[in-house]
Amino acid sequence: MRTWQVADVMTRDVATVGEETPYRDVVDVLVRERVSGVPVVDSFRRVLGVISEADLLHKVERSGRPEERRVFEGRRRRAAREKAGALVARDLMTAPAVTTHERAALAATARLMDREAVKRLPVLDDLGRLAGIVTRGDLLRVHLRTDAEIREDVVQEVLRRVLSVRDGLVTVQVSGGEVTMDGRLDRRSAVELAGRLAGQVAGVVAVHNAISYDVDDTTLMELDPVHATPIA
């Protein structure tokens with residue numbers, strides 16, 4: 001069963017800057033493209049770092065103030081001071097950049113964004129080159145799928161292709177991204193698998209699994225080979 005990947009939602013036409021791009025030119029790119037961050041790449045489109053609005057604002061924050069150096073200066077304060085005096089992208093960027101792959105699952109990418117507290121991620125191809133950029137908003141696009149599209153995937157991919165369920169045994173209804181399945185299958189394990197796989201379909205918000213079963217095969221114990229009765 002195919003699940004949506006970063007390549008399905010990312011933006012492929014990405015504005016970038018080079019290491020030697022001047023501060024003012026970086027600002028121009030962000031304003032012109034209406035983005036809040038931009039990857040810094042080399043001549044092979046390998047991502048060296050990322051410059052965000054926060055990186056650029058250090059210069060604004062310290063504008064007109066004399067340079068202050070403290071004997072015991074924390075890492076964050078020192079980084080802010082250095083970026084306030086930076087003139088080119090190489091000294092402005094946050095490096096190394098947190099990146100994802102174009103075939104990464106959307107759920108894994110969302111967890112990465114949350115863990116690293118970032119709003120966007122450069123997307124790399126198999127050769128490590130910039131292939132696009134994905135934002136939090138891009139990840140939410142999966143929930144713009146229609147109920148009909150979601151139902152089609154549950155029926156065709158989960159029930160028919162993976163579980164080989166015959167038509168008429170299970171009914172599927174989708175409303176607002178919530179999937180409700182009813183009917184009857186022979187084994188409990190198949191019922192539980194149907195629920196898990198339906199929950200992985202792109203755009204599904206919740207699964208209500210009301211499918212019943214004939215046999216609870218999850219409680220069957222394997223015969224102990226030591227005490228098993230031999231068959232002649």
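Biologist: Let's start with helix α5 (residues 106-116). Which strands does α5 lie across, and what angle does α5 make with β4?

Modeller: Helix α5 lies across β3, β4 and β5, and runs at about 130 degrees to β4. The axes are lines fitted to C-alpha atoms, for helices over the stretch in contact, and angles run from 0 to 180 degrees between N-to-C directions. Keep in mind that this is a predicted model: local features need pLDDT of at least 70, side-chain atom pairs count only at pLDDT 80 or more, and totals for chains, interfaces and linings use all residues. Residues are numbered from 1 along each chain as its sequence is written, and side-chain values use heavy atoms, with hydrogens and water left out.

Biologist: How many helices and strands does the chain have?

Modeller: The chain comes to 8 helices and 8 strands. Both are DSSP runs numbered from the N terminus: H or I over at least four residues for a helix, E over at least two for a strand.

Biologist: What is the strand order in the open sheet that holds β4, and which strands are at its edges?

Modeller: The order is β3-β4-β5, with mixed pairing. β3 (100-101) and β5 (130-135) are the edge strands, since each pairs on one side only.

Biologist: How do you know that β3 and β4 are paired?

Modeller: Two strands pair if DSSP finds at least two bridges between them. β3 and β4 (residues 120-124) run parallel and are joined by 2 bridges, so they meet that cut-off. Take His101: its bridge partner in β4 is Leu124.

Biologist: There's another open sheet with 3 strands. What is its order, and what makes β6 and β8 edge strands?

Modeller: That order is β6-β7-β8, again with mixed pairing. β6 (170-175) and β8 (206-215) have a single partner strand each, so one side of each has no neighbour in the sheet. On average, neighbouring strands here are turned by 10 degrees against each other, direction ignored.

Biologist: In what sense do β7 and β8 pair, and over how many bridges?

Modeller: β7 (residues 178-187) pairs with β8 in the parallel sense over 9 bridges. Glu178 stands opposite Ala206 in β8. Helix α7 (residues 147-162) packs on this sheet too, touching β6 and β7, at about 150 degrees to β6. Helix α8 (residues 188-199) lies across β7 and β8, at about 165 degrees to β8.

Biologist: Why are α1 and α2 called oblique to each other?

Modeller: α1 (residues 23-33) and α2 (residues 53-61) pack at about 130 degrees, with axes 11 Å apart. Angles under 35 degrees count as roughly parallel, over 145 as roughly antiparallel, 65 to 115 as roughly perpendicular, and the rest as oblique. The angle of about 130 degrees falls in "the rest", and α1 and α2 are therefore oblique.

Biologist: Which residues make that contact?

Modeller: Tyr23, Val26, Val27 and Leu30 come from α1, and Glu53, Leu56, Lys59 and Val60 from α2. A contact means heavy atoms within 4.5 Å.

Biologist: Now Ala86, in the loop between α3 (75-84) and α4 (89-92). Why is Ala86 called buried?

Modeller: Ala86 has a relative accessible area of 3%. Buried means under 20%, exposed over 50%, and partly exposed in between (1.4 Å probe, protein chains only). At 3%, Ala86 counts as buried. Leaving aside neighbours within four places in sequence, Ala86 touches Tyr23, Lys59, Asp91 and Leu92. The C-alpha atoms of Ala86 and Lys59 are 8.1 Å apart, though 27 residues separate the two along the chain.
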